[in-house]
Structures are given as structure tokens and as C-alpha cells.
Amino acid sequence: MARRGWIWFAAPAATLFLAFWLLPMAGLALVGAEIKDGQSAYLTVLTRSQYWVSLFNTVALSLAATLATLLAALPVGRFLAWHRDFSGRRLLMSLLMFPLAFPGVVVGFLIILLAGRQGVIGAVTDWLTGDRMVFAYGMGGLFLGYLYFSLPRCIGVLAAAAEQIDASLLEAARTLGASPWRRFVDIELPALTPALIGAGAMSFATSMGAFGTAFTLATQIDVLPITIYNEFTNYANIPVAAALSIVLGLATWAVLYVAHSLAGARLGAAA
């Protein structure tokens with residue numbers, strides 16, 4: 001009887017999963033299997049170097065942005081967690097979370113204002129050296145855009161996790177003579193590992209699928225979201241666009257699976 005009750009509660013979630021994820025994904029996979037120019041769109045994607053370059057750029061950029069985001073968010077999240085009483089905390093939190101209100105296109109526009117042809121960095125470097133530095137439209141600009149987009153989310157996750165750490169453990173370690181670095185490595189970092197994994201997974205997945213920021217900035221580099229958009233809209237090559245979408249999803253899943261597996265193995269060894 002109890003099991004039947006849980007089935008009724010799970011039915012709406014299962015229906016939503018079937019209707020809005022499983023069926024569309026199955027349809028996308030079938031469209032990608034259609035024959036285009038005498039061969040499957042999947043084979044076309046796997047045998048053309050331009051798509052491999054786009055995939056490599058997307059994965060490399062997303063990994064780099066994720067690593068930088070975690071390195072920047074960790075000390076900020078710890079500071080916010082351990083200094084909950086200072087007067088400017090609410091103002092600082094609101095400023096850090098403010099980018100959450102911006103869509104990807106606005107983030108891209110901000111990067112252009114910073115590092116575009118008429119941006120602040122270009123104007124300053126032109127005044128100092130006579131040579132205008134412009135990097136908004138390639139790997140550097142997208143990296144900054146993804147970092148700006150993901151940082152508030154990761155800071156929130158890590159700050160919340162750091163607040164849950166038992167302060168008595170840190171105090172005991174300090175009393176026993178452990179240095180701040182040892183307390184961080186031996187107590188805080190293991191406790192924050194699940195949050196780091198979750199924040200990193202969120203940052204990586206967001207960067208892999210980011211379209212608005214890439215659409216605004218990626219004029220000098222190919223990334224998969226823009227490649228898919230071009231195949232779908234500019235060339236009406238729907239099977240290849242569908243196949244690339246499946247590749248994007250599988251690549252994201254594979255990296256996240258490896259990261260979670262490595263983290264799980266590390267936690268198991270530590271236990």
C-alpha cells in the first residue's frame with residue numbers, strides 16, 4: 001500500500017521527465033540518424049575536422065572557466081561563511097549575486113565594453129603603449145564571459161556549504177597546533193568537496209551550453225552552441241544540428257561522469 005502511494009506521488013515527475021526530456025531527446029537522436037548527402041549525420045560529424053575543432057574548443061574553454069571559477073569562488077565563499085557579522089556583508093552579497101540578473105547576451109555586451117575594440121582595456125593600453133589590446137571576440141573574451149556568468153552561482157553554493165562546517169573541529173585543530181593551511185587541507189577541503197563537485201558540474205554544464213554569451217562574442221572562435229545554431233538556421237542542415245546537439249550532451253555527460261567518479265574514488269580512499 002505504501003509503495004502504491006509513492007507511485008502516485010512519483011507519477012507527475014515521471015510524466016514531466018518523459019514528456020519534456022526523454023521524448024524530445026529520443027526525437028533529436030532519431031533526427032541525427034537521418035541520411036544526409038549519402039551518409040548518417042553522425043558519421044558526418046565524426047569525420048569532419050571542423051566539428052572536432054569546435055568540440056575541442058568548447059570542452060577546453062568550459063574546463064578552464066570551471067577551474068578558474070572554483071579557484072576564485074572558494075576563498076570568497078569561505079570569507080562570506082566565516083565573517084557573517086561584518087557590516088558590509090549584505091551589500092557585498094548583493095553585488096556578487098547581481099550578475100545573476102543578466103542573460104548571456106548582456107554578459108557578452110559587458111565583456112565587449114571591457115575588452116572590445118572600443119573597450120576600457122583597449123583605451124588604456126592604447127594610451128600607455130600606443131597599441132590597442134582587444135580580446136573580447138575570441139577565447140579570452142569567452143573565458144571572461146563564462147567566468148562572470150558562473151562565479152555568482154558557485155560563490156553561493158560554496159558559501160552555503162562552508163557555513164555547515166563544524167567550527168568546533170577547526171577550533172580543536174587550532175588548539176592542537178595545526179596551522180591555518182593544515183586546517184584548511186585536513187578539515188575544510190574534505191567537507192567542501194561535494195559542494196566543489198556540484199558547483200564545478202554546474203559551471204561546466206552552463207559553459208558547455210552557453211549560447212547568448214557565445215553568440216555575442218564568438219566571432220573569432222568556433223564553439224559548439226554557435227556551430228549548432230549555424231547548421232540549423234543558416235544552412236538548414238537539421239540532421240547535422242541534431243547530431244551535434246547529441247554530441248554536445250554526451251561530451252558534457254562524459255566529463256561530469258569522470259569528475260564525479262574521480263571525486264568519489266578520492267572520498268572513498270580518504271574514508
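Modeller: A residue is called buried when its relative accessible area is under 20%, exposed when it is over 50%, and partly exposed in between. The structure discussed here is a predicted model.

Colleague: Why is E188 called buried?

Modeller: Its relative accessible area is 4%, and the cut-off for a buried residue is under 20%. E188 therefore counts as buried.

Colleague: What makes the pair of E188 and R78 a salt bridge?

Modeller: The term requires a side-chain nitrogen of Lys or Arg within 4 Å of a carboxyl oxygen of Asp or Glu. In this pair the closest N and O atoms are 2.7 Å apart, so the criterion is met. E188 lies in helix α9 and R78 in helix α3 (residues 49-82), so the pair ties together parts that are 110 residues apart in sequence.

Colleague: Why is R78, the partner of E188, called partly exposed?

Modeller: R78 has a relative accessibility of 25%. Partly exposed covers the values between the 20% and 50% limits, so R78 is placed in that class, whereas E188 is buried.

Colleague: How many salt bridges does the structure hold?

Modeller: There are four salt bridges in the structure. Among them is the one between the side chains of R132 and D126, at 3.4 Å from N to O; this value lies within the 4 Å limit. R132 has 34% relative accessibility and D126 has 32%, so both residues count as partly exposed.

Colleague: What separates R174 and E171 in helix α8?

Modeller: They are three residues apart in helix α8 (residues 167-175), which means a separation of about one helical turn. Their closest N and O atoms are 2.4 Å apart, so the pair qualifies as a salt bridge under the 4 Å limit. With relative accessible areas of 46% for R174 and 39% for E171, both are partly exposed. Side chains of opposite charge can pair when their charged atoms come close.

Colleague: How do you know that α9 (residues 180-209) departs from a straight helix?

Modeller: A straight helix of 30 residues would span 44 Å at 1.5 Å a residue, but α9 spans only 38 Å between its end C-alpha atoms. A kink of about 50° lies at L189, shortly before the proline P190.

Colleague: What span does α3 reach from its first C-alpha to its last?

Modeller: With 34 residues, α3 reaches 49 Å, close to the 50 Å expected. It nevertheless bends by about 30° at A73, and the proline P75 follows within four residues.

Colleague: Which residues is A81 in contact with, leaving aside its neighbours within four places in sequence?

Modeller: They are A159, A162 and E163; each has heavy atoms within 4.5 Å of A81, since that is what contact means. A81 and E163 are 82 residues apart in sequence, while their C-alpha atoms are 5.0 Å apart in space. A81 is located in helix α3. At 1% relative accessible area it is under the 20% cut-off, and therefore buried.

Colleague: Why is T227 called buried?

Modeller: Its relative accessible area is 13%, again under the 20% cut-off, so the term applies. T227 belongs to helix α11 (residues 224-234). Apart from neighbours within four places in sequence, T227 is in contact with Y51, S54, D222 and L244.

Colleague: What makes F17 partly exposed?

Modeller: F17, in helix α1 (residues 2-32), has a relative accessible area of 45%. This lies between the 20% and 50% limits, so F17 is neither buried nor exposed.

Colleague: Which residues form a nonpolar patch on the surface together with F17?

Modeller: The others are L18, W21, L22, L23 and M25, and the patch has about 570 Å² of accessible area together. A patch residue needs over 30% relative accessible area; F17, at 45%, therefore passes that cut-off.

Colleague: How many helices and strands does the chain have?

Modeller: The chain has 12 helices and two strands, in the order α-β-β-α-α-α-α-α-α-α-α-α-α-α along the sequence. Buried residues make up 35% of its 271 residues. Of the contacts between residues at least 6 apart in sequence, 69% join residues at least 24 apart. The C-alpha trace spans about 75 × 75 × 35 Å along its principal axes. The accessible surface comes to about 15800 Å², and 70% of this belongs to carbon and sulfur atoms.

Key:
Residues numbered from 1 in each chain as written. Predicted model: local features only at pLDDT ≥ 70, side-chain atom pairs only at ≥ 80, totals over all residues. Heavy atoms only, no water. Patch = residues over 30% accessible without salt bridge, like charges linked within 9 Å, V, L, I, M, F, W, Y side chains within 5 Å. Areas by Shrake-Rupley, 256 points an atom, 1.4 Å probe, with all protein chains shown as cover. Buried < 20%, exposed > 50% of the residue type's maximum accessible area, 1.4 Å probe, protein only. Expected span 1.5 Å × (residues − 1). Bend = angle between axes of the 7 residues up to and from the residue.
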